[in-house]
Amino acid sequence: MKFYSTNDSTHTADLATAIFRGLPADNGLYMPERLDPLPDSFFRDLPDMSFAEIGFQVSKHLLGDDVPEEDLKELVYDAINFPAPVVQLDDKRSVLELFHGPSLAFKDFGARFMSRLMGHFNKGNDKQLVILVATSGDTGGAVAAGFYKTPGIEVVILYPKGKVSLLQEKQLTTLGHNIHALEVDGTFDDCQAIVKKAFLDQELRSELRLSSANSINISRLIPQSFYYFEAYKQLGADGDPVAFCIPSGNFGNLTAGLLAQRMGLPVHHFIAATNRNDVVPEFLATGKYIPRPSVATISNAMDVGAPSNFARMLNLYGHVNGLDPLSPSTHAAMKELITGYAYGDAATEQAVKEVEERFGYVIDPHGAVGYLALTEWQQANPNTRGVVLETAHPSKFKPDVERILGHEIEVPQRLAEMEDREKVATQVGTDYEPVKEWLKAKYL
Ligand SMILES: *Cc1c(COP(=O)(O)O)cnc(C)c1O
């Protein structure tokens, strides 16, 4: 499979190039050149397939022979080693729990698949690969857990001092081995600026093999399509049409759903749920796309003002060259299939309470935004089955959820254990040069 740039469809790259580069030189995003439907036999066999087997079949279909079949199977089975159960709220609504991985958020799927794919293409290379990533919290935890002990790959995570939660910090700083944390005395933007400078530093790059692991990497998107098939399998083909509701920030999760649909999954409708950072719902309603600085909310993993995957969504709806002005036909096509809703924190908190009172289910603030959107959409579309993607475990947002519910909530063992582990981080300022020297001293 070749991957093209959303800014220039004639610019293509093979899989290894697309994943190691992350971004095409023209600053577009990589997209698979073909998205053919899976064969009928796949859907016939789906009810009896394990989740890992679904992942293998979908990746084989998508990647062709880019990875030898045996290797691909091993890699997917190793990455997808935890479940994604659908939990019924009532006969019309359910949640798809995507938090059963090591960092308790859906980003584990992308990070685990990406690390194993990079590990595969990195084999036989005697120069180690250094992954540099800036995080405001969640991404770093998934990347750290996902790449932990991957042979030949070192991971350096930059995070802003005092601006991530205690548990998030533990996820970044306690693993050891090939995972290293740099605690930056600055903001997330400072972290990102340092990473950017490193990538632009030709001298450093001539000595060190550098790559990134951020959410725009196509290898993070691919495995996120697996669980749409898995959810559909669990719901069963018989019954009302299925709509997916996706609590969204950078819109990677929703884009992965669109890929699943292009591969033949019979999705009736997508619901894009956001907090007050509502540029995409606004676009769907008005046809005007106005990115702007994000505002802080209690569903903070969705505090994004310029969603990075929006270019991919447009591309799937006929906006072939990302540098051209948007055409009304792209907006019309997207509106047909995706409806957007946005909610403030007060409504979100109310929804967390309501879901517990009505269904005895503890939902996290991101899932709660999704619950609101699904419920609103189903009022106009009653004969449907709706699935909300529960993107993180509520205990990741323990202080807020406990304050809202007025009682303690359960913390899974794997998260609780982390609290006692010792933090190891290297302190740095916001200047690039000392970080460069640190990288050279450590890896050259
Ligand atoms: C990253 C994240 C999101 C947003 O997902 P996108 O793919 O960026 O839209 C939503 N919820 C949680 C808990 C997240 O960590």
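Visitor: How does the shell around the ligand divide into nonpolar, polar and charged residues?
Guide: The shell in this predicted model has 6 nonpolar, 7 polar and 2 charged residues. Ala, Val, Leu, Ile, Met, Phe, Trp, Tyr, Cys and Pro count as nonpolar, Asp, Glu, Lys and Arg as charged, and the others, Gly among them, as polar.

Visitor: Which residues come nearest the ligand?
Guide: Lys107, Asp138, Gly249, Asn250 and Phe251, out of the 15 around the ligand; a residue is near if one of its heavy atoms lies within 4 Å.

Visitor: What about backbone polar atoms at 2.8 Å and 2.9 Å from a ligand oxygen, whose are they?
Guide: Asn250 has one at 2.8 Å, and Asn253 has one at 2.9 Å. For Gly252 the distance is 3.1 Å. A polar contact here is a pair of N or O atoms within 3.5 Å.

Visitor: How much of the ligand's accessible area does the protein cover?
Guide: 95% of the 390 Å² that the ligand has on its own, by the Shrake-Rupley method with a 1.4 Å probe.

Visitor: Other topic. Which element gives the most to the lining of the second largest pocket?
Guide: Helix 5, with 5 residues. A pocket is an open set of points on a 1 Å grid over the protein atoms alone, where a 1.4 Å probe fits, with protein on both sides within 12 Å along at least five of seven lines; lining residues have an atom within 4 Å of a point. Helices are DSSP runs of H or I, at least four residues, numbered from the N terminus.

Visitor: And which lining residues lie nearest its centre?
Guide: Arg116, Gly119, His120, Lys123 and Pro151, among 17 lining residues.

Visitor: Any conventions?
Guide: Residues are numbered from 1 along each chain as its sequence is written, and side-chain values use heavy atoms, without hydrogens and water. Local features need pLDDT of at least 70, side-chain atom pairs count only at pLDDT 80 or more, and totals for chains, interfaces and linings use all residues.

Methods
Polar contact = N/O pair within 3.5 Å; in protein donor to acceptor, adjacent residues only side chain to side chain. Helix = DSSP H or I, 4+ residues; strand = E, 2+ residues; numbered from the N terminus.
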